[in-house]
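This report describes selected features of one protein chain, with attention to aromatic contacts, backbone geometry and surface exposure. The sequence and the structure are shown first.

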Amino acid sequence: MIIKNKTLDYATWWNKIIQEGDIVDIRYDVKGFFVWKPYGFSIMKNIKSNWEILFKKNNIKEVYFPLFVPVEYAAKNKSWWDSFKEQAFYVLGYYDKEKRIFIRPTGEPAMYPVFSKWIRSHRDLPLRIYQTVMSYRNETKSTKSLVRDVEIGPWYEIHTCHSSAKEAEEEINLAIKMNEHLFNLSAIAYLKVRKPKADCFPGSVGAVEFYTLMNDGVIENGSCNNLGQAYAKAFNITYTYQDQKKDFVWQTCTGNGERFLSAILANHSDEKGIVIPPKVAPIKAQIIYIKLKEEIEITTGLSEEHLEYVNVNDSGELGEVRFNSEKRGIPARIEIGPKELDEKICQVVWRDGIKNKVSLKDLKKEIEIGLERLQKKLQEENHKELNSRIKECDTFEEAKKASIALIGWCGGEECGGWIKNKTSKEIIGMTLKPSTKKCIHCGEKGEATYIAKSY
Ligand SMILES: [Zn+2]
């Protein structure tokens, strides 16, 4: 969908919908931080409980690792530490002045030295755990709430260790399936790509990255990393198998979180505000009693926690209630006044503008069908939008004009630089199923590769 108020630039519009949609309060005086408001946090909690249910079903156990990480842990993997140390926050005032401590930018450095203590033999494998946390990175570029923050999250990170490369590969396939399931509940279309080697964790086998639409480009939305044995070697995570033979474990890690919500806000909003897909909406319907002397009982089939009740006494008040309901993206409004009550009907107004007069005895069915219809419609529209954005291009002029261009790239650094320069787009990754396509710059054999503006 992505309909925005044409008079506002994207950054201003974004801040306006998240503030007025009651998601967060961005008026906090530390750059890169914001306050979660009750309504926004309850949407985030619904998304979070979806992944908790999913991970439980797949037997991935929840843990919690400390926020403070000793630098000596991180330094065990030099290439990782080199890429993160500039973004790390250091702790002052820790009692042991000799010990340098920094704050978790991501889970690996806290977890992996502990994994090397937990894993001894093949009987300790596979190890499959996750934690849901906030992480902290010093963001030098401009920040944007829910897209690029200093306090990042809530997000989950799954870390697994295995006794074979094949098992690690299967775990990656499961991680992809789980991310897809969570996107379906949020009615979001996604693009899956293979990350270029240079953008993967150093020494890893590879990564599959999800992208979702944002404005005229895309945002990264969940990566599934096959780490191979590189991290196990750096952190000395070994196991013994038959006859006391020793080997390093095979690892995977995958993470996502807050950006499910960012994708909902970026993709399902319109000029009236945000639209929350029914499956993650904390309030699924609002019941508005208009000038009624007494409240009446109506059957919606929804549990009380998914309903919000409002009494209004004049048309000014009613206008304001409707306006607020639309801004917050509540899927349905059920309006009932004295006239409707006499006729035993009500008016149901859906967030996409569809209105129906419904008899009170049919309301339960109407709500059930309507919620399903809206969920499906949001998802289908977003799929259509994503597909319409992808264009196969043979020249850089075409690629420059496209929102997401599918071009050929030989994988060379020099050609990569030329492509970025000529098209003002980032290389986001190759098609999941490898497909050959002549490099758009050097003309040599290349791979079909997506490029887009990345937020
Ligand atoms: Zn090339």
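Two rings of Phe, Tyr or Trp, with the six-membered ring taken for Trp, count as a pair if their centres lie within 6.5 Å. In this predicted model, such ring pairs link Phe 65, Tyr 112, Phe 115, Trp 118, Phe 201, Tyr 231 and Phe 235 into a cluster.

## Aromatic contacts

The structure holds 28 aromatic pairs. One of them joins Tyr 94 and Tyr 95, with 5.0 Å between the ring centres and 55° between the planes, a tilted arrangement. Tyr 94 counts as partly exposed because its relative accessibility is 27% and the partly exposed class runs between 20% and 50%. Tyr 95, at 69%, counts as exposed because the limit for that class is over 50%.

Phe 183 and Phe 210 form a stacked pair, with centres 5.8 Å apart and planes at 25°. This pair connects distant parts of the chain: Phe 183 belongs to helix H6 (residues 165-185) and Phe 210 to strand S9 (residues 206-214), with the two positions 27 residues apart in sequence numbering. Both Phe 183 and Phe 210 are buried.

Aromatic rings also take part in contacts with charged side chains. Lys 144 lies over the face of Trp 14, 5.7 Å from the ring centre. Arg 328 is placed likewise over the face of Tyr 39, at 5.3 Å from the ring centre.

## Backbone geometry

The table lists two cis peptide bonds and the location of the proline in each.

| Peptide bond | Omega | Location of the proline |
|---|---|---|
| Leu 125 to Pro 126 | near -5° | Pro 126: loop between helix H5 (108-118) and strand S6 (127-136) |
| Gly 153 to Pro 154 | near 5° | Pro 154: strand S7 (residues 151-162) |

Positive phi angles occur at two residues that are not glycine. Asn 59 has a phi of about 60° and lies in the loop between helix H2 (38-57) and S3. With a relative accessible area of 48%, Asn 59 is partly exposed. Asp 243 has a phi of about 55° and is found in the loop between strand S11 (238-241) and strand S12 (245-248). Asp 243 counts as exposed because its relative accessibility is 70%.

## A contact across the sequence

Which residue lies 6.5 Å from Val 63 in space, C-alpha to C-alpha, although the two are 66 residues apart in sequence? That residue is Ile 129. Val 63 itself is in the loop between strand S3 (61-62) and strand S4 (68-70). Val 63 counts as buried because its relative accessibility is 18%, and buried means under 20%.

## Surface patch and domains

Tyr 28, Val 30 and Val 35 form a nonpolar patch on the surface, and together these residues have about 260 Å² of accessible area. Val 35 lies in strand S2 (residues 35-36). A relative accessible area of 38% makes Val 35 partly exposed; this value is compatible with membership of the patch because patches are made of residues with over 30% relative accessible area.

The domain assignment divides the chain into domain 1 (10-267), domain 2 (283-370) and domain 3 (390-452). Taken over C-alpha atoms, the centres of domain 2 and domain 3 are separated by 50 Å.

Technical notes. Residues numbered from 1 in each chain as written. Predicted model: local features only at pLDDT ≥ 70, side-chain atom pairs only at ≥ 80, totals over all residues. Heavy atoms only, no water. Phe/Tyr/Trp six-rings, centres within 6.5 Å; stacked < 30°, edge-to-face > 60°. Buried < 20%, exposed > 50% of the residue type's maximum accessible area, 1.4 Å probe, protein only. Helix = DSSP H or I, 4+ residues; strand = E, 2+ residues; numbered from the N terminus. Lys NZ or Arg CZ within 6 Å of the ring centre and 35° of its normal. Patch = residues over 30% accessible without salt bridge, like charges linked within 9 Å, V, L, I, M, F, W, Y side chains within 5 Å. Areas by Shrake-Rupley, 256 points an atom, 1.4 Å probe, with all protein chains shown as cover. Salt bridge = Lys/Arg side-chain N within 4 Å of Asp/Glu carboxyl O. Domains from an automatic or database assignment.
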